[in-house]
Amino acid sequence: MARTKRTAAKGTRYYRHTLPVRLMHWINVIVLVILLMSGLNIFNAHSALYWGEQSYRGVPPFLVLGSKVDEEGEVSGITRIFGHDFDTTGFLGVSRDAEGDMGERGFPSWLTIPATRWLAMARRWHFFFAWLLVLNGVCFVGYSLASRHLHRDILPTRKDLHSIGASVVDHLRFRRPKGEAARHYNVLQKLAYLSVVFLLLPLVILMGFGMSPALDALVPGWVGIFGGRQSVRTIHFIVAWALVLFTIIHVFQVIVNGFWNNLRSMITGYFRVEPEVDDE
Amino acid sequence: MSEKSRLTRRNFLTRLFVAASATALGGCQKLSESPWFVKILGFGEKATRRVQRLVLPRKAVAQEFTEAELSPQFRSNGTFMPRNPAYLAMAEGGFAGYRLEVGGLVEHPGTFSLADIRALPSREQITRHDCVEGWSAIGKWKGARLSALLEAVQLKPTARYVVFHCADPMGEDGSSPYYESIDLEDAFHPQTILAYELNGETLPVKNGAPLRLRLERQLGYKMAKYVMRLEVVEDFSHIAGGKGGYWEDRGYEWYAGI
């Protein structure tokens, strides 16, 4: 029994992530962080969101990161969602900059690139890294198809799809897969990666295109399918935060499922699998 | 490994992560201020311009809307009342003394009164104005086709850009007049007009009276208001900051297609 335990603790290593996948993963990490933060700086130039083609159809924006001044001249940050006001001083609407000065800005300076209110520069960062995101994405999809990474590792099998319920239960109980099962992504993981690669990222890019007055002219009216230019801006914003939500869950899963093992596998490629041991 | 040392390692890593993030953020600010890096970032704009010009047919038109979709109030942005005594005096007189100067690389330089401009082939369009800040508004514009004006003065073979010199000084002291420039592909686009009417009425001062540019496939800052003089040039590096526009001289992209 003791011998089994020793081998059990050691487990076996296998080569999980190929070099291109690791490389493209970390490029994506850097690119997405910069896109989010420069995007928030761009948002701060007009920190309100609308639905429809335009911003001035007589309907107030449904989200505003603004401010108000009381009788004593005290400025507070106000987040208005569907007409309801929330005091968010210090974080949204009004916050301190690196020098500690309170100022009116939608998102705080520590969340934006550049840290200062600087639309022209934020746009430069955003569009340069947007190109990297597109190129990296094209490379990833091309590589995944050519190397069959997509078919082998990411597309759920029929068996996978039948086990969604069981997988949900496993996740809720934080039960870690062992042995053979740990060599593959589980079905929820596969669906999450698929939707990020083929739904969220393409959508956020497409919504970026939709804000371009030049690309709007490519097929007049296509932006209207998504509700209009201001809707497209709103969807771009929401999908960006959906990607943040994915990242939080992703990192959480990495931490609870063996932080060092997972991190190492995304750096060196090698992942350690714990063999299946009976519970007795 | 004891619980204590694990916590210290976690603490250490957290601190390392926070320190690294702070350094990275400070680094982004520093990089934004270093010319070489800004130049690299500028490749994004070049790529965007090339690709958009490649995929977009020359005459592809921006979406047009119906009267029902008009913004109740067309927002004024940037200058709403030029700090320019000569302009204000002219506005007082209903722009009767206004003359648009057209010069540079043209065969027949000259001046045009508002009546001359109104006599040129015109176009009316209900379009969406997209500001670089993020907002949009829909307005109905009527104006002279820029192509008709340029055909009237005949461009010289070396002509490449049209520069719009404006009456509104951007500096508090009356300095730095607004200006913009577009290339000939945009200048001859059917929706490129010198607008003199907004929503069926004479263009108000806050929206750029008596003439403003409409360039529907680019962002708002390209659409110069209070246009006083057109200068056709081969390149614009000798004008003001040399980047082809007031905002371009302050870091915005010359090509504002996105």
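Which residue is the bridge partner of Ala48(A) in strand 3 of chain A? Hold that thought for a moment, everyone. A quick reminder before we start: what we have on screen is a predicted model.

So, the answer: in strand 3 of chain A, Ala48(A) has Val64(A) as its bridge partner. Strand 3 covers residues 63–69, and strand 2 of chain A pairs with it over two bridges in the antiparallel sense. Now zoom out to the sheet around them. There are four strands in chain A, in the order 2-3-4-5, forming an open sheet with antiparallel pairing. Strand 2 (48–49) and strand 5 (84–87) are the edge strands, each pairing on one side only.

Let's move to where the two chains meet. Chain B puts 43 residues into the contact and chain A puts in 35. On the chain B side, the elements that give two or more residues are helix 1 (3–32), helix 2 (35–41), helix 3, strand 3 (122–130) and strand 4. Helix 3 of chain B gives the most, with seven residues. If you like to think in chemistry, the chain B side divides into 19 nonpolar, 14 polar and ten charged residues.

Please look at one helix pair here. Helix 3 of chain A (residues 119–146) packs against helix 3 of chain B (residues 43–55) at an angle of about 65 degrees, and their axes are 8 Å apart. The crossing is left-handed. From chain A, the contact uses Arg124(A), Phe127(A), Phe128(A) and Trp131(A), and from chain B it uses Phe43(B), Gly44(B), Glu45(B), Ala47(B) and Thr48(B). That set splits into five nonpolar, two polar and two charged residues.

Last stop: the cores. In soluble globular proteins, nonpolar side chains tend to be buried together. Here the largest nonpolar core has 49 residues, and the members that touch the most others are Phe164(B), Cys166(B), Leu194(B) and Val227(B). Several elements of chain B give two or more residues to this core, including helix 5 (114–119), helix 6 (146–153) and strand 10 (227–233). The largest share, six residues, comes from strand 5 of chain B.

And who sits around Phe164(B)? Setting aside neighbours within four places in sequence, Phe164(B) is in contact with Tyr179(B), Glu180(B), Leu213(B), Ala224(B), Val227(B) and Leu230(B). Apart from this core lies another one, of 30 residues, and among them are Phe128(A), Ala130(A), Leu201(A) and Ala214(A). You have already met Phe128(A), in the contact between the two helices.

Thanks for listening, and I'm happy to go back to any view.

Key:
Residues are numbered from 1 along each chain as its sequence is written. Chains are lettered from A and ligands numbered from 1 in the order in which they are written. This is a predicted model: local features need pLDDT of at least 70, side-chain atom pairs count only at pLDDT 80 or more; totals for chains, interfaces and linings use all residues. A nonpolar core is a set of buried Ala, Val, Leu, Ile, Met, Phe, Trp, Tyr and Cys residues joined through C-beta atoms within 7 Å. A residue is buried if 20 or more other C-beta atoms lie within 10 Å of its own, exposed if 12 or fewer, and partly exposed in between; C-beta atoms are placed from the backbone. Two residues are in contact if their C-beta atoms, placed from the backbone, lie within 7 Å. Two strands pair if DSSP finds at least two bridges between them. Axes are lines fitted to C-alpha atoms, for helices over the stretch in contact, and angles run from 0 to 180 degrees between N-to-C directions. A crossing is left-handed if the near helix is turned anticlockwise from the far one by less than a right angle, and right-handed if clockwise. Ala, Val, Leu, Ile, Met, Phe, Trp, Tyr, Cys and Pro count as nonpolar, Asp, Glu, Lys and Arg as charged, and the others, Gly among them, as polar.
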